[in-house]
Amino acid sequence: MPQNLDAVAVRAWCRLALDALGRAREEIDSINVYPVADGDTGTNLYLTVESASQAVDAAFTGHDPALPSLAETVRAMAHGALIGARGNSGTILSQLFRGMAQILGGLEGDERAETHDTDHTAHTAHTDHADHADGHVLELALRRAAESAYEAVAHPVEGTVLTVATAAAKAAGAAGSTDCGTVARAAYDGACVALDATPGQLAVLGRAGVVDAGGRGLVAVLGALVRALSGETLSHKAADGLHARVEAAECEELPADGGGPAFEVIYLLEADDSAVARLRARLDRLGDSLVVVGGDGLWNVHVHVDDAGAAVEAGVEAGRPHRIRITHFGVGDAHTTAQPPRERTQRAIVAVVPGEGLAGLYAEAGATTVPTRVGEPPASGELVDAIRRAHAREVVLLPNDAELRHTAAAAAEQARTEGVRVALIPTRSAVQGIAALAVHAPDRRFDEDVVAMTSAAGATRYGELAVAERQSWTMAGICQAGDVLGLIDGDVAVIGSEVAPTAASVLDRMLSAGGEMVTLVLGESVPDAVAERLEKHVRETYLAVDTVIYRGGRQSALMLIGVE
């Protein structure tokens, strides 16, 4: 049966693309040499897709328990990418999403989209009311995406993400299939071939011995689309020798092509089409790398200029600019308020914490906290905001969740561009964060403090109690809805019916390998009697093992367990 693209598949695509970019972020950053070798393309693409994914999740939440339509979902994806687009490649990727939405979601703001061909209009009208799109519609969407991206760039250059997007669209068309999985795989394969050819098309890539960073990011996004549709996991390997000089490219000073503009200027703009046309012409005279994406009264403007004030002034004359970001290449974020900056502290801890009780505990220890609720992880922007609130020269970041590793890494990278020295300790649970905080010594050298905290976190095994929401297969067997699950290091190890005996069983397994201290963090619904029973169990069963008990409060897990 042919695979179709529906709202659920789009949501899965966004989440898988975010994960793929998170895993490839450092690699993509390392090969970023065009248009400016500022090493942030992977981070910018991650932040752009993160915004798109959050918008799609919001669309699903707004329709719960029903599902949004395909049209509503792709429109949310495109809008989220537009308002969250970062950097040159992120801005172009947002336009690629918008081009797809013009077909899959029936967005007909561009007259050329309406008259592209007879099939285009018919399928656009169809998808506005359909729950899914077939392979032919997906091919049209990919074609429109590539076209709209070219139209958004003032001076398109071959050997970039534009070339890769066009090759993907052509390969999708050549597939001639109504199966979306087949079309997506053809697009991915075409993109890979085009990506490997980019060093021969763009001199700066050839000199560095790398492929185009933006194109590499698009390949990751298309690979995620294949996985969302067919379940197939793909991993692109560059042609032999292409990445042989990546380390050298990072270490060497790449020759400048005549010296580029000093500033990157990005802002959202509310303006009509005629005003944006005049803005394009004016910004084109002011600088280069001009990309203007969007439509329907909301635009994202990106340009590299020497006169950042003139670029912002042009936006003011065209409409209402907001979310203005000005970055001085090589320096970091230059967007400041009119208030004089207050003196930074030397060092701070920023931690993600589940539950109000833990938030208070971490705050008492001097940490800046990012509260989170079960099933609602924070975005990288929230972590960056917390780092800014900490207002320190050095920051230790504790994500306290294995699923936040990519999000935290992107936030750390963004903060580094703003001049903050950030060390990310990959804590996978709040109990590991507690262990790290216990050995934190701000008077030590930063590197020594980070090593000590990392060692303490790594020496702490973590467990958790949760209630099963549905019948499911686990490492410990089949669980039923309502069962109490005991997890150790992220895997289900015990299935029980009551909290206390299940927790005791988890503790026995964790302490079988030894331990000196047990940390219990109790959820709001767990009575004190359970804590007393567990503390007694440890005291009577294991010699010289201390137990420390905290209350997690509202929004915390049922129980967190740490063994140091």
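Asp288, Asp306, Asp307 and Glu313 together form a negative patch on the surface of this predicted model. One member of the patch, Asp288, lies in strand S4, which covers residues 287-295. The relative accessible area of Asp288 is 34%. Because patches are made of residues with over 30% relative accessible area, Asp288 passes that cut-off, while its class remains partly exposed.

A rather different setting is found at strand S15, which spans residues 484-488. Here five of the five residues are buried, so the strand is mostly covered under the cut-off of 20% relative accessible area. The side chains can be followed in two sets: Val484, Gly486 and Ile488 point one way from S15, whereas Leu485 and Leu487 point the other way. Both sets are buried.

It is helpful to look next at the partners of this strand. Strand S12, made up of residues 461-467, pairs with S15 in the antiparallel sense, and five bridges connect the two. Within this pairing, Val467 has Val484 of S15 as its bridge partner. Strand S16, residues 491-496, is also joined to S15 by five bridges, and these two strands run antiparallel. In this case Leu485 finds its bridge partner in Ile495 of S16. Val484 and Leu485, which point opposite ways from S15, thus each appear in a named bridge, Val484 with Val467 and Leu485 with Ile495.

The connection between S15 and S16 is a hairpin with two residues between the strands. In this hairpin, Asp489 takes a positive phi near 50°.

Conventions:
Residues are numbered from 1 along each chain as its sequence is written. This is a predicted model: local features need pLDDT of at least 70, side-chain atom pairs count only at pLDDT 80 or more; totals for chains, interfaces and linings use all residues. Side-chain values use heavy atoms; hydrogens and water are left out. Patches are made of residues with over 30% relative accessible area and no salt bridge: like charges are joined within 9 Å, nonpolar side chains (Val, Leu, Ile, Met, Phe, Trp, Tyr) within 5 Å. Accessible areas come from the Shrake-Rupley method with a 1.4 Å probe; for residues, only the protein chains shown count as cover. A salt bridge is a side-chain nitrogen of Lys or Arg within 4 Å of a carboxyl oxygen of Asp or Glu. Lys and Arg count as positive and Asp and Glu as negative; His and the chain ends are not counted. The place of a charge is taken as NZ of Lys, CZ of Arg, CG of Asp or CD of Glu. Helices (H or I, at least four residues) and strands (E, at least two) are DSSP runs, numbered from the N terminus. Buried means under 20% relative accessible area, exposed over 50%, partly exposed in between (1.4 Å probe, protein chains only). Two strands pair if DSSP finds at least two bridges between them.
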